[in-house]
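Biologist: I would like to learn how to read a structure with several chains. Could you take me through one, feature by feature?

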Amino acid sequence: MPVLGLGGISAPSLLCIRRDTCGLVAEEAVEVTVRVGRATLDSLAYLGGLARLGGRAAYFTFVAPWQGRRLRLDRAAHQAMVVGLQALPILSLITFFIGVILALQSAYELRKFGALHYVSGAVAISMTRELGPLMTAIVVIGRSGSAFAAEIGTMKVTEELDALETMALNPVQFLVTPKFLAMVVMLPCLTTWADLMGILGGALFGVAKAGFTFTSYLRSSLDALYLRDISTGLIKSLMFGMTITAVGCHEGFSTGAGAEEVGRSTTAAVVMSIFLVIAVDLIFTALFYFTGAH
Amino acid sequence: MQISTRQSGKATIVDVSGDIDLYNSPEVRKVLLAALREERAPRVIVNLREVRYIDSSGVASLVEGLKVSRELGSRLVLLGLSQAVRDVLELSRLNKVFEVCDTEEQALRS
Amino acid sequence: MPSMTDEAQQNEAIVSVRDLRLRFGEREILHGISFDVRRYETLVILGGSGSGKSTLLRALVSLEKPSAGEIWVKGKNIAQVSGAEMDEIRKKLGMSFQGGALFGSLTVGENVALPLREHTKLEDLTIQIIVRLKLEQVGLAGFEDYMPSQLSGGMKKRAAVARAMAMDPEMLFFDEPSAGLDPIIAAGIDNLILKLKKAFRISIVVVTHELASAFLIADRVLLLDKGDIVALGTREELRENTHPRVRQFLNRIAEPEVFEELDYLQMLTEKHRPRRR
């Protein structure tokens, strides 16, 4: 985790030539600069590694099939089942709760203005634009991002990756591409489902406490939503899917020797994925804010 | 590898020459199965005299042909095995499974 | 096959290593070694732990890139070939890893079938027959539908050999075939290698530290010590070799204590190698 790994990097002695003459403060300042520089370079290298891996996966998914290399759809379909279908129960529950929470929180403020009927719009927009994609990403990181790192990491430790190579099978094509394809397809699907469950959660409050009927709540939610809100969320979820795949697989490939290293990779994959998903979220939210005409 | 078929009485003779490997064994399989299934030849003789090397996929194709011939009640006979081919069959313990002849007359009569 | 006499083919090198050097960071593991693997021979690379023998084997199948020198496999320098060319070479070689390295998510049969499914256009039924033939050859008939986790260590290695043999390779590489096995099971693996060697016209390279095993299966033995070749020759030549390190290594059976002390000393004094990440 180079981005977070600011500590523990000693400055090269070359840069401390003036150690004798420098005051302690100056020396500290140099060290901090060096550390920041190192960490920045490490972070850039890490992002470069992710981009390279994502690029190769995209190549094997979208370009290579046209050049006669087989795309193994059966493996991608299997991954899609694991990533998507099996995540549905927990994702439904979490996003339903989030919907209820959103309704309660917005009602707390809206009640003061006697605008309780805006609760449906507030929930719908927050879910589709932000919390649907984000909560989906978090659930998928916990279930699949970590599993990718663990699977590939274990294969590295048991020399299965080497075995793939000696069989003239490309590990990226063989292992990452099906995951990449599954994530790129399933994350927007899951997000749509999450949006729906969130709105249902809001409806629970709306019907119980805000004087809606179930149908009027749904109609009012739909009226508040623009197509742009939904597409914004789906574009985000697509980016999240690529990020999670790249980080999970990258951490797996960079696993060192030994079983405990697999645990380390898995943890790193989760922490790093959450961080990068939020960073990507920030970038895209800002982008949509500044480019979106109202 | 080259492969051709000819008729001799009621029997179909498949002449194979060269090396049978992973990349051309599907053709051997296709010719064998066509002779058995489509032409309904009561006896198919695979002439391997000119075959110097046969790999597992070639052996597997012959095994498949043998199975189909048994199902259809016809006979599959291997003819003129070189030592290398004989070794491969023995290793896979298939020398007892296949009907093997040394000369064409034998193969036609047996 | 080329129109060569059998004898000429016998002496033809299928692998030629020339002045191979390999370093990890600061530490050089192989110090410029040269040797040939002849067609149809079984070469055993013998050495203690830390001798660089596993690294050498990994370099031969291009899992490690040489820092300097050349490795010619079937007339191509694998330090310089393109990825596509390397893949073509790799389809002609099989590798059996220390722990088997079977894919845990696939059954034994699917493991053996994998290279055939990925690299050939064979029909499913043909592949199934090949898989069963290969499993029969390594003594695992009937274990097609088992998962690797259900197999014992020795069976895993046999399954790995079946997978390595799936494409009918010209070369077979073994990394520590008897490591982690009890002596009886290990002897079974040795016998399997002997059987393959007799049955197939195939070049075999085995890396091991087991002296008895080496002398049982080898046509020639290469003794590697701390990244240098100490001796290379037939079993008889090695037995008559008077080089002190060779004597030390060969007498290990008679005087195990001496060697354990040396290993211990090496272990205590070996340079600390930081983790690679």
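Modeller: We will go through chain C, its sheet, its contacts with other chains, and then some details of chain A. Please keep in mind that this is a predicted model.

Biologist: Let me start with the whole chain. How many helices and strands does chain C have?

Modeller: The secondary structure of chain C comes to eleven helices and ten strands. Its C-alpha atoms fill a box of roughly 55 × 45 × 40 Å along the principal axes.

Biologist: What radius of gyration does chain C have, and what would a compact globule have?

Modeller: The idea is to compare the chain with a rule for globules. For 277 residues, a compact globule would have a radius of gyration near 19 Å, and chain C agrees because its value is 19 Å. Two further numbers help to fill in the picture. Of the 277 residues of chain C, 42% count as buried. Among contacts in chain C with a separation of 6 or more, 65% are between residues 24 or more positions apart.

Biologist: Now the sheet. In what order do the six strands of the open sheet in chain C run?

Modeller: To read a sheet, go from one strand to its neighbour. Here the order is E6-E7-E8-E3-E9-E10 in chain C, and the pairing is mixed. Strand E6 (93-96) and strand E10 (228-234) of chain C are the edge strands, each pairing on one side only. On average, neighbouring strands of this sheet are turned by 15° against each other, direction ignored.

Biologist: In which sense do strand E3 and strand E9 of chain C pair?

Modeller: They pair in the parallel sense: strand E3 (residues 42-46) and strand E9 (residues 220-225) of chain C share four bridges. To find the spot in your viewer, look for Leu46(C), which stands opposite Leu223(C) in E9(C). Helix H2 (residues 53-60) of chain C packs on the sheet, where it touches E3, E7, strand E8 (203-208) and E9 of chain C. The direction of H2(C) makes about 150° with that of E8(C).

Biologist: I have heard that the sign of phi is worth checking. What is the general idea?

Modeller: Most residues other than glycine have a negative phi. That makes the exceptions good places to look.

Biologist: Where does Asp19(C) lie, and is it buried or partly exposed?

Modeller: Asp19(C) has a positive phi of about 50° although it is not a glycine. Its place is in strand E1 (residues 13-24) of chain C. Asp19(C) is partly exposed because 13 other C-beta atoms lie within 10 Å. Glu176(C) is another non-glycine residue with a positive phi, of about 45°. Glu176(C) lies in the loop between strand E7 (171-175) and helix H7 (183-199) of chain C. It has 21 C-beta neighbours inside 10 Å, so Glu176(C) counts as buried.

Biologist: Let us turn to the interfaces. How many residues of chain C are in contact with chain A?

Modeller: For an interface, count the residues on each side, then ask which elements and classes supply them. Here 18 residues of chain C are in contact with twelve residues of chain A. On the chain C side, helix H3 (83-90) and helix H4 (108-119) are the elements that give two or more residues. H4(C) supplies the largest share, four residues. By class, this side of chain C divides into eight nonpolar, three polar and seven charged residues.

Biologist: Which element of chain C gives the largest share of the side that touches chain B?

Modeller: First the counts: 15 residues of chain C are in contact with 16 residues of chain B. The largest share on the chain C side, eight residues, comes from helix H5 (residues 124-137). This side has eight nonpolar, three polar and four charged residues.

Biologist: And into which domains is chain A divided?

Modeller: Chain A is divided into domain 1 (13-61) and domain 2 (72-291). Their C-alpha centres lie 31 Å apart. Nine residues of domain 1 of chain A are in contact with twelve residues of domain 2 of chain A. On the domain 1 side, these are five nonpolar, three polar and one charged.

Biologist: One last residue: which residues is Ser146(A) in contact with, leaving aside its neighbours within four places in sequence?

Modeller: They are Ile141(A), Thr266(A), Ala269(A) and Val270(A). Ser146(A) is found in helix H4 (residues 119-157) of chain A. Ser146(A) and Val270(A) are 124 residues apart along the chain, yet their C-alpha atoms are separated by 5.8 Å. Ser146(A) is buried, with 22 other C-beta atoms within 10 Å.

Methods. Residues numbered from 1 in each chain as written. Chains lettered and ligands numbered in written order. Predicted model: local features only at pLDDT ≥ 70, side-chain atom pairs only at ≥ 80, totals over all residues. Buried ≥ 20, exposed ≤ 12 C-beta atoms within 10 Å, placed from the backbone. Domains from an automatic or database assignment. Contact = placed C-beta atoms within 7 Å. Nonpolar A, V, L, I, M, F, W, Y, C, P; charged D, E, K, R; others polar. Rg over C-alpha atoms; globule rule 2.2 N^0.38 Å. Pairing = 2+ DSSP bridges. Axes fitted to C-alpha atoms, helices over the stretch in contact; angles between N-to-C directions.
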